[in-house]
Amino acid sequence: MANNNMAWQRKDLLGLEELSKDEIELMLYTADKFIEISKRPIKKVPALRGKTVVHLFFEPSTRTRTSFELAAKRLSCDTIGVSASSSSILKGETIKDTARNIEAMNVDIIVIRHSASGSAHRLSESVKASVINAGDGCHEHPTQGLLDLFTIRQRKPKVAGLKVSIIGDIMHSRVARSNIWALTKLGADVTVCAPSTLMPPEIEKMGVRATNNVDEAIAGADVLNILRIQLERQKKVYFPSTMEYIRNFGINKERLKGAKKDLLIMHPGPINRGVELDPDIADGPYSVILDQVTNGLAVRMAALYLVSQGRDKSAKRDK
Ligand code: CP
């Protein structure tokens with residue numbers, strides 16, 4: 001990975017849409033430096049000793065929450081987790097009030113996952129703490145986009161010109177949006193593939209090609225990023241049956257017969273095995289799905305480290 005001499009200036013990490021190519025490169029460069037820490041017998045460095053991180057998770061999460069909490073601990077932060085089910089949100093307190101009360105305890109970084117698109121941006125305007133978006137509705141999941149890019153770069157160092165197809169529920173996917181912003185900024189050739197009812201109108205304006213034909217999306221692709229159908233976000237029925245979705249969009253051995261030999265199969269998780277992805281492909285030789293999870297830890301260490309630097313700089317600018 002190329003050396004990177006720029007310094008991070010932002011207090012927050014809210015999305016990849018607003019980041020420059022250089023800022024994305026700096027995140028990946030910093031994550032690359034942190035990868036090795038998790039291979040040590042003592043997996044801890046004092047980089048953020050004395051800093052406090054609060055994880056506000058108002059939606060379920062396994063990978064993102066665990067890796068943010070581990071990342072904070074590996075950087076020697078003090079951490080605390082708050083879930084909707086155990087907080088005063090249940091008594092009617094707003095998220096803004098919750099966050100401002102938490103901030104009154106002098107926390108440095110708030111990591112938030114919420115079902116409302118734009119929630120992380122709104123929170124960042126109300127608090128002086130750094131805010132990291134751990135997924136806001138259908139909008140963005142920036143650390144997922146970064147870890148996906150990091151995983152691609154481990155296997156295919158030149159992203160410019162790489163053919164990446166994102167297949168599944170594009171309409172409801174914050175992972176798709178963050179991937180599209182990051183990949184197109186680095187020059188990848190991105191195709192999105194979904195049933196017409198799950199394809200956002202005017203998606204091509206994001207600089208991607210759109211198709212409803214999964215075989216077309218697979219042909220010549222270097223990377224397939226497979227997404228699950230997000231039934232929890234769907235307010236109506238978007239396709240006739242799960243069986244029909246599997247028949248037309250499910251990724252299986254048969255469908256990959258003509259695929260490139262060095263194809264990468266990615267999935268952000270959780271996987272609906274046998275629906276969007278057959279188990280023998282999820283666990284097969286093309287799959288880098290568990291590498292994505294491993295890399296997520298280093299990427300989240302980088303995000304915590306850089307926003308902490310950015311917050312110190314923005315506090316100096318405000319004086
Ligand atoms: N990829 C992802 O966001 O997974 P979790 O919902 O388990 O955090």
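Which pocket is the space taken by the ligand? In this predicted model, the ligand takes the space of the largest pocket. The legends below go through that site and then visit other parts of the structure.

**Figure 1. The ligand and the residues around it.** Let us begin with the shell. Ser61, Thr62, Arg63 and Thr64 surround the ligand together with Arg113, His141, Gln144, Pro268 and Gly269. By residue class, this shell has six polar members, two charged ones and one nonpolar one. The view is a good place to meet Arg63, Gln144 and Pro268, which belong to the shell here and turn up again in the lining of the largest cavity.

**Figure 2. Polar side chains next to the ligand.** Three side chains deserve a closer look here. Ser61 places a side-chain N or O atom 2.6 Å from an oxygen atom of the ligand. For His141, a polar side-chain atom lies 2.9 Å from a ligand oxygen. Gln144 faces a nitrogen atom of the ligand instead, with a side-chain N or O atom 3.0 Å away. As for cover, the protein buries 91% of the 260 Å² that the ligand exposes when taken alone.

**Figure 3. The largest pocket.** Here we step back to the pocket whose space the ligand takes. Its volume is about 400 Å³. The lining of the largest pocket counts 21 residues, and those nearest the centre are Arg113, Arg174, Arg228, Gly269 and Pro270. Two of the helices to look for are H2 (63-74) and H6 (174-185), each of which supplies at least two lining residues. Sorted by class, the lining has nine polar, seven charged and five nonpolar residues.

**Figure 4. A cis peptide bond at Pro270.** Gly269 and Pro270 are joined by a cis peptide bond, with omega at about -10°. Both residues are among those nearest the centre of the largest pocket, and Gly269 also helps to surround the ligand. If you are tracing the chain, look for Pro270 in the loop that runs between strand S9 (264-266) and helix H9 (279-282).

**Figure 5. The second largest pocket.** This pocket has a volume of about 210 Å³. Fifteen residues would be a lot to label, so here are the ones nearest the centre of the 15-residue lining: Ile271, Arg273, Ala282, Ile289 and Leu290. Helix H10 (residues 289-318) gives the most to this lining, with three residues. The lining of the second largest pocket divides into eight nonpolar, four polar and three charged residues.

**Figure 6. The largest cavity.** How many cavities of 30 Å³ or more does the structure hold? There is one, and about 80 Å³ of space lies in the largest cavity. Its lining is made of Arg63, Ser67, Gln144, Leu147, His267, Pro268, Ile289, Gln292, Val293, Gly296 and Arg300. H2, helix H5 (142-155) and H10 each supply at least two of the lining residues, and H10 has the largest share, with five. By class, the lining of the largest cavity has five polar, four nonpolar and two charged residues. Ile289 is worth finding in this view, as a lining residue of the cavity that is also one of those nearest the centre of the second largest pocket.

**Figure 7. Asn106 and its positive phi.** Our last stop is a point of backbone geometry. Asn106 has a phi near 60°, a positive value in a residue other than glycine. You can find Asn106 in the loop between helix H3 (95-103) and strand S3 (109-114).

How values were computed:
Residues numbered from 1 in each chain as written. Predicted model: local features only at pLDDT ≥ 70, side-chain atom pairs only at ≥ 80, totals over all residues. Heavy atoms only, no water. Near = heavy atom within 4 Å. Polar contact = N/O pair within 3.5 Å; in protein donor to acceptor, adjacent residues only side chain to side chain. Areas by Shrake-Rupley, 256 points an atom, 1.4 Å probe, with all protein chains shown as cover. 1 Å grid on protein atoms, 1.4 Å probe; cavity = no way out; pocket = protein on both sides within 12 Å on 5 of 7 lines; lining within 4 Å. Sits in = over half its atoms within 2 Å of the grid points. Nonpolar A, V, L, I, M, F, W, Y, C, P; charged D, E, K, R; others polar. Points joined across faces, edges and corners; volume = space filled by probe spheres on them. Helix = DSSP H or I, 4+ residues; strand = E, 2+ residues; numbered from the N terminus.
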